[in-house]
Structure formats: C-alpha cells, structure tokens
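Here are some short exercises for getting to know a new structure. Try each task on your own, then follow the solution step by step.

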Amino acid sequence: MKIGYHASHEQFTPSELIGHVKRAEASGFDAVLSSDHFYPWSTDQGQSGFAWSWLGAAMQATNLVFGIVNAPGQRYNPALIAQASATLAEMFPGRFWIAQGSGQYLNEAITGGGWPCKEERNKRLFCSADIIRRLWKGETVTSHEYFPVNNAMLYTRPETPPLMIAAAITPATAQWAGSWADGLITISQPLDKLAAVVDAFRRGGGEGKPLFLKVQLSYAGTDEEALLGAWDQWRSNIFPSSVLSDLRSPEQFDALGKFVTKEQMHASVLISANPDTHTRQLIKYANLGFEHLYLHNVNRGQSRFIEDFGKTVLPALREKNRVNAA
C-alpha cells in the first residue's frame, strides 16, 4: 500500500505546497497527488498555481512519487502533455505518473470554443491518450481528428514511460477506461458506490491494474473545527460530476455552495478529529482493492494533519496491510 498526500493548488500557493510536501515526506507519506486547475473551485480557496511548473521543483525537493490529474485536448494540446510528462519521467525515473480525465468547463473554457458533451469529451480523451503514448514510444505523429498535431516527435524520452491512469467517477466511465488505461483513479464515495466503480473498471478490462483513490477528509483539533473547515473550503465541490463538469466560473460554484449546510458535508467528506475514525474508514477503502490512497485534508490546517497522521494513521494502515499480506 502507498499512502500519499494531496497537494491542492486551489487552496495554497505553490511555495506553501513545497513546504507541505517536504513535511509529508518527513512524516512518512510515500507519494503526492497534484491537481491541475486554471481556477480554484471557489473564490474562498483563492489560489491556482501552474502545477507543471511546480512539479519539477517539488520532485527535486523530495524523493516522493508524484502523480497529476490532467485533462488533455482543449486547454492543452496532447503533444505538449506528452513532452512535459516525458521530461519529468526522464529526470525522476519511476517517480511520476499521469492520470487523464475529460476535464471541467471551469478550466478548459479559457481557450475559447464550445464545451462538448461527455461522449465527445471521452472520444477526445481517448484520442489524446493515444497520441501521448505514441509520442512516448518515439513515433512521429500527425493527427487532425480533434486537434492539430503535425509531424510531432519527442527527442527527450524516459527509458520507461510513466503509467497512464484514467480518472473516472461513475461506473460507466470506469468501465470504458478499463479497456485503455494502465489503472484507475477515483474519489471517495459511499462504499457501495465505490465498489460499483471498481467492479465496472475490472469488467471493462482493468482486472489486475492498480487502483488509486483520492480521499476527501477533514481532520482538526475538534469535530466542530473539522466540520467548519470542510464547509468553508469544500462545500462548492460536493455536487455530482455531471454538475461540476459544466459550471463556468468560481463564482458559479460559490453560488451553489450557498445552499449547502454544514451537516450535508458529512455525505462527501470524512469529518472527524479522531485519527482512529479515519484509520477505520481508510482500511475499508483498502479492502475494496485500492493500493494507493491519496489523502486530501480539505480544510486549511495542513501541518497538524500531516504530523498527526504520520504518527498514528499511516503506521496503523501499514500494519493492517502487513497483516493482510501475511
């Protein structure tokens, strides 16, 4: 089992996040997951650094494994993502992976043009993934199906290309992704819904491929503080993916968030001041088959979370994993 820290560019400056990932490494975390947004989910979060600039600095500052969830095809030409990811994988062998998703209007609309339906976005994603993999292999690629790629070839490539993971939240998308992705990343949901996503991915061709889970939690000194921190920072991002993918601005997310009560946060975020409560829930996720857990403390109190989880939660998870393996 690998236990990672989620570096939320929407909530912290890039320089703050460098400090957080260094602290995470010192506390026993194995890995880091990075978000790749142009905008934050709400104006209250207030940040959105360029993740690709940050990755090189963060990977140089630590020895952790890093991953990024990215949406090629509209904001990014896939040839550029192929080059960026190949460069990181060459500099830091075995320490980088990339997840591909169909994106959100919030981030992709900055380049202009329309916002395709989900079916078209998935087709565009599959085409992007194919172009990126061909470029990683050293092929010269020309494609005009969804975006212009003319005689592109990468001169700098890693000996071993990074894993290409699919980002999916629904069973339908997960089943489709099983046929082409090297693994699956999804977000924490009720266990029955998560099990359906995992089963669909395996049915679609993902049997035996690694499973990654981004866990949304809120840990603080008291339950009340943890609840308030989750509501303050994450209430705009608890809606279904069909809603979140089609909103245009942080202000629209803020408007939706006004209708969310504090108690409603419990349905989407694991909220507790008790490390044992978090440990028990994380073990349940691991029992579904997730070998990679990325923990996102959605409130702003990162130092206490990193240090306390390093002392209690991470050792308990590893001991449970050791016992199960034996």
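A residue is called buried when its relative accessible area is under 20%, exposed when that area is over 50%, and partly exposed in between. Please keep in mind that this is a predicted model.

**Exercise 1. Find the salt bridge between R304 and D308, and decide whether each partner is buried, partly exposed or exposed.**

Step 1: Start with the atoms. The closest N and O atoms of D308 and R304 are 3.5 Å apart, and the two residues form a salt bridge.

Step 2: Place them in the chain. Because they sit four residues apart in helix α12 (residues 302–325), about one helical turn separates D308 from R304.

Step 3: Check the accessibility. R304 has a relative accessible area of 46%, so R304 is partly exposed. D308 is at 19% and therefore counts as buried.

**Exercise 2. Describe the salt bridge of E119 and K123 in the same way.**

Step 1: The side chains of E119 and K123 meet at 3.8 Å, N to O.

Step 2: Both residues belong to helix α5, where they are four residues apart, about one turn of the helix.

Step 3: With a relative accessible area of 53%, E119 is exposed, whereas K123, at 40%, is partly exposed.

**Exercise 3. Which residue forms a salt bridge with R235, and over which ring does R235 lie?**

Step 1: The salt-bridge partner is D44, with the closest N and O atoms 3.6 Å apart.

Step 2: This pair links distant parts of the chain, 191 residues apart. R235 is in the loop between α8 (223–234) and α9, while D44 is in the loop between β2 (31–34) and α2 (51–61).

Step 3: R235 is buried, at 14% relative accessibility, and D44 is partly exposed, at 42%.

Step 4: Now look for the ring. R235 lies over the face of W231, 4.1 Å from the ring centre. K262 also lies over the face of W231, at 4.2 Å from the ring centre.

**Exercise 4. Explain why the rings of Y105 and W115 count as stacked, and then do the same for F212 and Y294.**

Step 1: Use two values, since a pair of aromatic rings is described by the distance of the centres and the angle of the planes. Rings pair if their centres lie within 6.5 Å, and planes under 30 degrees apart count as stacked.

Step 2: The count of aromatic pairs in this model comes to 16. For Y105 and W115, the centres are 5.6 Å apart and the planes are at 20°, so this pair is stacked. Y105 is in helix α4 (residues 105–108) and W115 in the loop between α4 and α5 (118–136). Y105 is partly exposed at 23% relative accessibility, and W115 counts as buried at 19%.

Step 3: For F212 and Y294, the centres are 6.4 Å apart and the planes are at 15°, so these rings are stacked too. F212 is in strand β9 (residues 211–218) and Y294 in strand β11 (residues 292–297), 82 residues apart. Both F212 and Y294 are buried.

**Exercise 5. Where is F12, and which residues does F12 contact?**

Step 1: F12 is in the loop between β1 (2–7) and α1 (14–26).

Step 2: At 3% relative accessibility, F12 counts as buried.

Step 3: Leaving aside neighbours within four places in sequence, F12 is in contact with L17, H20, Q47, N299, R300 and Q302.

Conventions: Residues numbered from 1 in each chain as written. Predicted model: local features only at pLDDT ≥ 70, side-chain atom pairs only at ≥ 80, totals over all residues. Heavy atoms only, no water. Phe/Tyr/Trp six-rings, centres within 6.5 Å; stacked < 30°, edge-to-face > 60°. Helix = DSSP H or I, 4+ residues; strand = E, 2+ residues; numbered from the N terminus. Buried < 20%, exposed > 50% of the residue type's maximum accessible area, 1.4 Å probe, protein only. Lys NZ or Arg CZ within 6 Å of the ring centre and 35° of its normal. Contact = heavy atoms within 4.5 Å. Salt bridge = Lys/Arg side-chain N within 4 Å of Asp/Glu carboxyl O.
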